[in-house]
Amino acid sequence: MRAFMIRYQTPVLLIFILAVIVAISDIGGLDSLQVALTEMLIRVLVVVGLYVFIGNSGVISFGQTGFMCIGAYAVGWATAEPGFKQVMLQGLPDILAQNQWPFPVAMAGAIVLPAIVAFLFGLAILRLNGIAASIATFAFLIIVNSVYSNWDSVTAGVSSLVGIPTVVGPWVAFGFAAAGIIVAYLFQVSRYGLMLRATREDDVAAKACGIHSVRMRLVAFVLSAALVGAGGGLYAQFLGILTVDTFYLSLSFITIAMLVVGGMGSLTGAVSGVILVTVIVQLLRYGEHGVMFGSTQLKMPESSSELGLGVLLALILVFRPNGLSGGKELTLLGSSKGGPRETVSAAAGPTLQSDSNAVASETTS
Amino acid sequence: MIQFVQNLIDALALGSIYALTALGIGLLFGILRLINFAHGDMITIGAYALIVPSADVTARLLIGSWTPAAVIIAISMIVVVAALITDAAVFRPLRTASSPTLMISSFAVSYIIQNGILIFYGARPKAVDFWSGANVQVYIGELRVPLLQLITLVVTLVLMVVLTLFLRRTPYGVQMRAAAEDFRMAQYLGVRANVVIGLAFAISGILAAAVSMLYITQSGSLTHQMGVPLALFAFVAVVVGGMGNLTGAVVGGFTLGLIVTMLQAYLPSDLRAFRDAFAFVVVILVLLIRPAGLLPARTTIERV
Amino acid sequence: MTALLDVENLSVRYGDLVALRGASLTVSEGEVVCIIGPNGAGKSTTLATIAGGVTPVSGDIRLDGRTILGQRPEQIARLRLSLVPEGRHIFGTLTVAENLQIGGYMLGDRAAARSDMERLLDHFPRLRERLRYPAGRLSGGEQQMLAVARAVMTRPRLLLVDEPSLGLGPKIIDQIYEILLELRQREKMTLLINEQSSARILKFADRIYVLRSGTVQLEGRAADLRDGEAIRHAYFGFGDGERPVVTAA
C-alpha cells in the first residue's frame, strides 16, 4: 500500500490541490470566479495534454491548439441546436444536423476525431528531426485554421457557431482535468513514456537500445491530441459559441507559455504553470481595468497582460529555464520515480558547446 | 503556354519576397541554430518605423517621406538596433541553451513585440502609401511582369551572393561560422564571439528591413501582425529548401512561391480558398521525400 | 622570480558537485608541467578555469603576477594563454585551413599569421596535405594535431593541453609528443599538460602534480618521482605497490 502511495503521490497531490481550489471557490460562491476557474481547469487539461507530447518527447509542437479546434468543433457539430445547424451549417451530414447528441457522445467525438487526425499527421511528420517537426506542427496549426476558416458550410467560417449548451462548470472541468492528469501520469511511468524520454535525452543512444523513436512519438502525439481535443470539447460547452480564430496563435502562445513557466519536464510543471500564469494574467488584467490607489486610478494599457506574459516567459527562460517545477514532480513521501528530468537547459559545466543538437541533425531522426 | 510562363513569372514574383525573408531566417538558423520567430516582427518594426508614431487610424509618413537612400539607411539602422536588443536581452543569455529553448524564447520575443506594437500603435490597420510608384506592371511582349517583384528578386539574389561570399571568404564570416559551431571553443581562440554573433543579428536586421520596405510598398497596410504570414512562409521555405545553408533558404522561398502560385492557378475554384492549406500539405509531402530539404547543408559531423 | 602562472586555492563547483577544492599549482617560464590524475579528479576543470571558460567560487589565478580571474576566454587568449581542450573541439564544418586561420585572426597581422601557418605546417605535414578538407573528416590523431596547431597560431606563451593522448593510438601519441617537444624548444613555449597517467609523461615533464578528487595530492619534480611509488599512492589513494600503475603502452 505504501509503495502504491509513494509511486502515485504526484497525481494524487495535484488532483487534491485542484479539488481544494474548486471547493473553496464553490463555497465562496463568487460567480465571476467560477468562470475564470472553469477556464483554468480546462486549460489544465489542455496543457497536460501538451505536456504528454512535448515534455516526454522534447519536440516542441506549436500545433496542438489545432487539435483543440478540431475537438471543439466536433462537439459543436454534435450538440448545437439543430435549428442553427440546418440553417448555417448546411454542409453537415444529416446525422449531425438533425440531432442534438448528449454530452458523452459529443465528448467521445472531441477525443476520437483529433486522435485520428493526429495519427495520420504524426505518421507523416514525426520522422522529421526536432526543429523541422516543430515547424511542421506550426504549419499544421495554419492548415487547421485555414481549413476551418474557409469551410463555411461546415464551420460557419469566420462567423460564430452558436447554440451549444453550456453544461460545463468548474466541477465538470475538474473531473476531466483530474482524468487527464491520471492518464498523463500513467503514460509517463509506463514503458512507453520511459522509452520516449530516452529518445528525448539522446536519440541515437535510444535507437541503439532498440527503441523505435517515431513510434513512441506517435503514441504520445495521439494521446496528446486526444487530451487537448477533449479540452477543446469542454471549451465549446463552456463558452456556448465557437469561432475559429480563438484557436490560433494567441492560444498557442498562452498554453506553451504556461507549460514552460511551470516547467516543461514534469506533470507538476504543467499543472503549476497553468495556475501560476492564470493568476498572473488575472492580476495584470485587473491592472488593465484600473486599480484605485487612494483617489487616483492607475490603469495599464490594454494588451499589457499579454505583453507581461511574454516578458514573464522570456525571464523564465533566461533565469530559470526548467520552470517553476525545475523538471521535478511534486512529492511529499520520499522520492517518486515518476518524474522525467529537465529537457530545457542552459548549459553549465566545464564542457564546451554543450548542445548535443548543435551539429547537424538535418538528417532524419 | 503563355499562360504557363505568366504563372511562372507570378511564382517568381511571389517567391521573391518569401526568399528574401527566408534568407534572414536561414542566416540566423545556419549561424545559431535559432529559429527566430521574431524575424517577422522585425519586418513589422521596419514598416511601422516609416510613419509618425501614433495610434491614429490614418498614418502619416515620417521617415517614409525622406529620400530613398535616407529611408533605406534609417530603416535599416532602426531594425538593426531592434535585432541587437533582442540578442542582448534574450538570446545572448541563452547562447548555450538547447534548440527547443531558443525556439520558445524567440516565440516569446515575437509575442512581446507584437503586443508592444499593439499597445503603442493601436489595433486598427493603417493605410500607408509608400513608394507606390514602384508597384507597377511592366509589359514584355504579352507577359506581365510586376516591377516591384522584379526588384525584390534582384535584391534577393544579390544579397544571397554577397552573404555567401562574406561567410566563406572574409575573416568575420569564418569567425561567425566557427562561433556558430562551437561558441566556447571560438572564444578560447580569441574570437570575440558575442561581437561576431551580434554581427549576425545585425545582418539579419538589414535583411528584415529590406523585406519591410519592399513588402509595404506592395501591401500598403500596417498591422501589428503583418510580419507573421511572411515569417511563417519563410520558416517553411527554410525547412523545405534545406536548413543550414543560405542557398537552400532562397531556393525554398522560390519553391514555395511556385507551389502557392500553381495551386492558385490550377485548383478548382471552390477549393481556392484552401490554397494555403494545400500549400502546406504539399510542403509536408516534400519533407516526407526529402526530410533534410531540397538542398541539404554540406555534410556536417553528427556527434554520436 | 614570479612564476608565469600561479593558481592559488582554486575551488570550482558545478551546482552541487564540487570539482575542485583548494587546488594550487605554479608553472614557471619554459617549464613542462604535467597534471595527472584519474577521471573526475578535476584536471579538465583546472585547465578550463585557467583559460577563462569556467568561473571558480574562490581562489585566484595569476599570469605574470597579475590576476586574470573573471576575464573572458577571448581576453585571456589575448594574454597569450591558449587551451587545447579535451576532445579536440575542432570546427568540423570549417576546412583545416580555416581552423588554423581562426587562431591567427587575433593577432591582427595577416602577413604574420600566414607565415606562422607556413611554419606550423612544417611541423605538421599531414595537415598540409589536407588543407582544403572539412576538418570533421580528419582522423582522431590528425584532429589532435590540428587542435594543437590551431592553438599555437595564437602565439601563446603558455599552452594548456588537456589529455592529448585521449582516444589515440600509441604511434600517434608519440608523434604528438614529439611535436609538443619541438614546440617547446623552437617556439619557446611553456606547457601545462593533463594526462590520465603515462610513463611517457614522466619522461617528458619537468614537474608533476597529482590531482585526485579536486585537490593536489602530490607535487614534485619528475626526476624524483620516476619510480612511481609516490605517484601510485597519491593517484589511487593508497599504495602498497600491489596495484600496477596504468600506463599508455
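Mentor: A residue is called buried when its relative accessible area is under 20%, exposed when that area is over 50%, and partly exposed in between. Please keep in mind throughout that this is a predicted model.

Trainee: With that cut-off, what share of the residues of chain A counts as buried?

Mentor: Chain A is built from 15 helices and two strands, and among its contacts between residues at least 6 apart in sequence, 77% join residues at least 24 apart. Of the 365 residues of chain A, the share that counts as buried is 56%.

Trainee: Which element of chain A has the highest mean pLDDT?

Mentor: Chain A as a whole has a mean pLDDT of 81, with 88% of its residues at 70 or more. Among the elements of this chain, strand β1 (residues 291-293) has the lowest mean, 64. The highest mean, 92, belongs to helix α12 (residues 213-239) of chain A.

Trainee: And over which residues of chain A does pLDDT stay under 50?

Mentor: Where pLDDT is low, the predicted coordinates should not be read in detail. The model does have 103 contacts beyond four places in sequence for the stretch in question, yet pLDDT stays under 50 there, over residues 335-365 of chain A.

Trainee: A:Arg43 and A:Glu39 form a salt bridge; which of the two counts as buried?

Mentor: Both residues lie in helix α2 (residues 31-57) of chain A, four residues apart, about one turn of the helix, and their closest N and O atoms are 3.3 Å apart. A:Glu39 has a relative accessibility of 22% and therefore counts as partly exposed. The other partner has 17%, which is under the 20% cut-off, so the buried residue is A:Arg43.

Trainee: Turning to the interface, how many residues of chain C are in contact with chain B?

Mentor: The area buried between chain C and chain B is about 2200 Å², of which carbon and sulfur atoms give 60%. C:Glu74, C:Phe91 and C:Tyr105 supply 25% of the area that chain C buries against chain B, more than any other three residues. On the side of chain B, 20 residues take part, and the number of residues of chain C in contact with them is 24.

Trainee: Which helix gives the most residues to the side of chain C that touches chain B?

Mentor: Between chain C and chain B there are seven residue pairs in polar contact. On the side of chain C, α2 (73-78), α3 (96-105) and α6 (140-152) each supply at least two residues. The residues of this side divide into 13 nonpolar, six polar and five charged. With four residues, the helix that gives the most is α2 of chain C.

Trainee: The rule finds one salt bridge across this interface; which residues form it?

Mentor: Both partners are buried. One partner lies in helix α3 of chain C and the other in helix α6 (residues 171-181) of chain B, so the pair joins two chains. The closest N and O atoms are 2.7 Å apart, and the residues are C:Glu98 and B:Arg177.

Trainee: Which residues are joined into one network by salt bridges that share partners?

Mentor: A good place to start is the salt bridge between C:Arg62 and C:Asp60, at 2.8 Å from N to O; C:Asp60 is buried, with a relative accessible area of 18%. Salt bridges that share partners make one network of C:Asp6, C:Glu8, C:Asp60 and C:Arg62.

Trainee: Which backbone oxygen does the side chain of B:Ser204 reach?

Mentor: B:Ser204 is found in helix α8 (residues 193-219) of chain B and is buried, with a relative accessible area of 3%. Not counting residues up to four places away in sequence, B:Ser204 touches B:Gly24, B:Leu27, B:Leu28 and B:His39. At 2.8 Å, its side chain reaches the backbone oxygen of B:Phe201.

Trainee: One last point: C:Arg155 has a positive phi although it is not a glycine; is C:Arg155 buried or partly exposed?

Mentor: C:Arg155, whose phi is about 55 degrees, lies in the loop between α6 and β7 (158-162) of chain C. C:Asp64 also has a positive phi, near 55 degrees, and is found in the loop between β4 (58-63) and β5 (66-67) of chain C, with a relative accessible area of 35%. At 36% relative accessibility, C:Arg155 counts as partly exposed.

Definitions and conventions. Residues are numbered from 1 along each chain as its sequence is written. Chains are lettered from A and ligands numbered from 1 in the order in which they are written. This is a predicted model: local features need pLDDT of at least 70, side-chain atom pairs count only at pLDDT 80 or more; totals for chains, interfaces and linings use all residues. Side-chain values use heavy atoms; hydrogens and water are left out. Contact means heavy atoms within 4.5 Å. Buried area is the accessible area (1.4 Å probe) that two parts lose on being put together, summed over both. A salt bridge is a side-chain nitrogen of Lys or Arg within 4 Å of a carboxyl oxygen of Asp or Glu. A polar contact is a pair of N or O atoms within 3.5 Å; within protein, one must be able to donate a hydrogen and the other to accept it, and residues adjacent in sequence count only if both atoms are side-chain atoms. Ala, Val, Leu, Ile, Met, Phe, Trp, Tyr, Cys and Pro count as nonpolar, Asp, Glu, Lys and Arg as charged, and the others, Gly among them, as polar. Buried means under 20% relative accessible area, exposed over 50%, partly exposed in between (1.4 Å probe, protein chains only). pLDDT is the predictor's confidence in each residue, from 0 to 100.
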